[in-house]
Amino acid sequence: DPSSDAQSKKKKKKKKKKQDGNLVAKLEDGSHTDAIMSLSWNRLHRSLLVSSSADRTVKLWDLEKLTCAQTYSHHQDKVSSVSWHPTEGTLLLSGSFDKTAALFDARAATSVMSLKATTDIESTCFLPLASSTLVLAGCDDGHVLAFDPKMPQQPRFTVSAHSKGVSKVRANPAYPGLFATCSEDRYVRCWAATDTCDMVGSKKAGIGAIFDVSWCPDAPYLLAAVGASGTPKVWNTSECSMIRERFAIDRKNGPALISSMGSSGDGHDGEGGMQDFLGGDASSSGSDDDSDAHSDAMDDDSDDE
């Protein structure tokens, strides 16, 4: 009977709407109203989590009470990045598409230090040095800006890191001044910062556009990257002589650790060194459509070094 079929469809549609409504009703008070773009766990106060969102806010979460403890609304556009200071347990850093980074104390929502860029900020992080801490901002135009919070009016230095936007900037947790960047230009690069900044390593990972990099906390010379191919890759940065010598990194344990993640490269600078986390070679995956993907996808970016 056509009429009964139509009634059945209407009932199913109403039921689906009701289910969707119930899902929305289950969101906690204070939840974000748009996509969450970044999360950071407080290592000193383990019950605190901070999030940033496309709804232009940063939110502080109390994981013991499972509540939103504070909402910060100092940005005027999507908040792409947020992170805790590594040693100051209440200090937060956020970056936004409103072309600013913000440094603020979680306890004082109205007191915000604004650091100005000239384009959208994709990623931010704190960079500890020997005697101070800088704020890094990776920008949509491929530049990385380094700010000294004591002199925030202009960057201490600016580097042209990539030919496309800087997807992520990450400070090394063990070696002061060492940080990594990645980009949709398909490169992962390492940098050594003091009063200025020098590139000390560069790899084409062979995984397409690269969205994120992360240092291994237990073996901080290992750098993982993930990109459009969906296959993580690991770079033993101690294989690069400039990194090894600049930061006195012990190379002995590197190849043994790498072998558990995939076949190790030959250890020579300029050859190999970016290993498939799941084993195998990214050039055989077919995901990287560069014309040279099958020949040098894991080679050093020798022209830049």
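Reader: Which strand gives the most to the lining of the largest pocket?
Author: That's S9, with 6 residues in the lining. Bear in mind that this is a predicted model.

Reader: OK, and which strands each supply at least two residues there?
Author: Strand S1 (36-41), strand S5 (79-84), strand S9 (121-128), strand S13 (166-171) and strand S17 (210-215).

Reader: How much space lies in that pocket?
Author: About 1000 Å³ lies in the largest pocket. It is lined by 37 residues, and the closest to its centre are Ser40, Arg43, Ser83, Cys125 and Arg170.

Reader: What's the lining like by class?
Author: The lining has 19 nonpolar residues, along with 12 polar and 6 charged ones.

Reader: Switching to the sheets. S5 came up in the pocket; what order do the strands take in its sheet?
Author: The order is S5-S6-S7-S8, an open sheet of 4 strands with antiparallel pairing.

Reader: Why is one side of S5 left without a neighbour in the sheet?
Author: Because S5 stands at an edge and has a single partner strand. Strand S8 (112-116) stands at the other edge, also with a single partner, so one side of S8 has no neighbour in the sheet either. As for twist, neighbouring strands here are turned by 20° against each other on average, ignoring direction.

Reader: How many bridges hold the pairing of S7 and S8?
Author: Strand S7 (residues 100-105) pairs with S8 over 5 bridges, in the antiparallel sense. If you want a spot to look at, Ala101 is opposite Leu115 in S8.

Reader: And S13, what sheet is that in?
Author: S13 belongs to an open sheet of 4 strands with antiparallel pairing, ordered S13-S14-S15-S16. S13 and strand S16 (197-204) are the edge strands, each with a single partner, so each has one side without a neighbour in the sheet. From one strand to the next, the twist averages 20°.

Reader: What about the S14 and S15 pairing?
Author: Strand S14 (residues 178-183) and strand S15 (residues 187-193) run antiparallel to each other and pair over 5 bridges. Phe179 sits opposite Trp191 in S15.

Reader: Last thing: what does the chain average for pLDDT?
Author: The average is 81, and 73% of the residues score at least 70. Over residues 254-272, though, the pLDDT is below 50, and that stretch has 40 contacts in the model beyond near neighbours in sequence. Residues 277-299 are also below 50, and this stretch has 40 such contacts beyond near neighbours in sequence.

How values were computed. Residues numbered from 1 in each chain as written. Predicted model: local features only at pLDDT ≥ 70, side-chain atom pairs only at ≥ 80, totals over all residues. Heavy atoms only, no water. 1 Å grid on protein atoms, 1.4 Å probe; cavity = no way out; pocket = protein on both sides within 12 Å on 5 of 7 lines; lining within 4 Å. Points joined across faces, edges and corners; volume = space filled by probe spheres on them. Nonpolar A, V, L, I, M, F, W, Y, C, P; charged D, E, K, R; others polar. pLDDT = per-residue confidence, 0-100. Contact = heavy atoms within 4.5 Å. Pairing = 2+ DSSP bridges. Axes fitted to C-alpha atoms, helices over the stretch in contact; angles between N-to-C directions.
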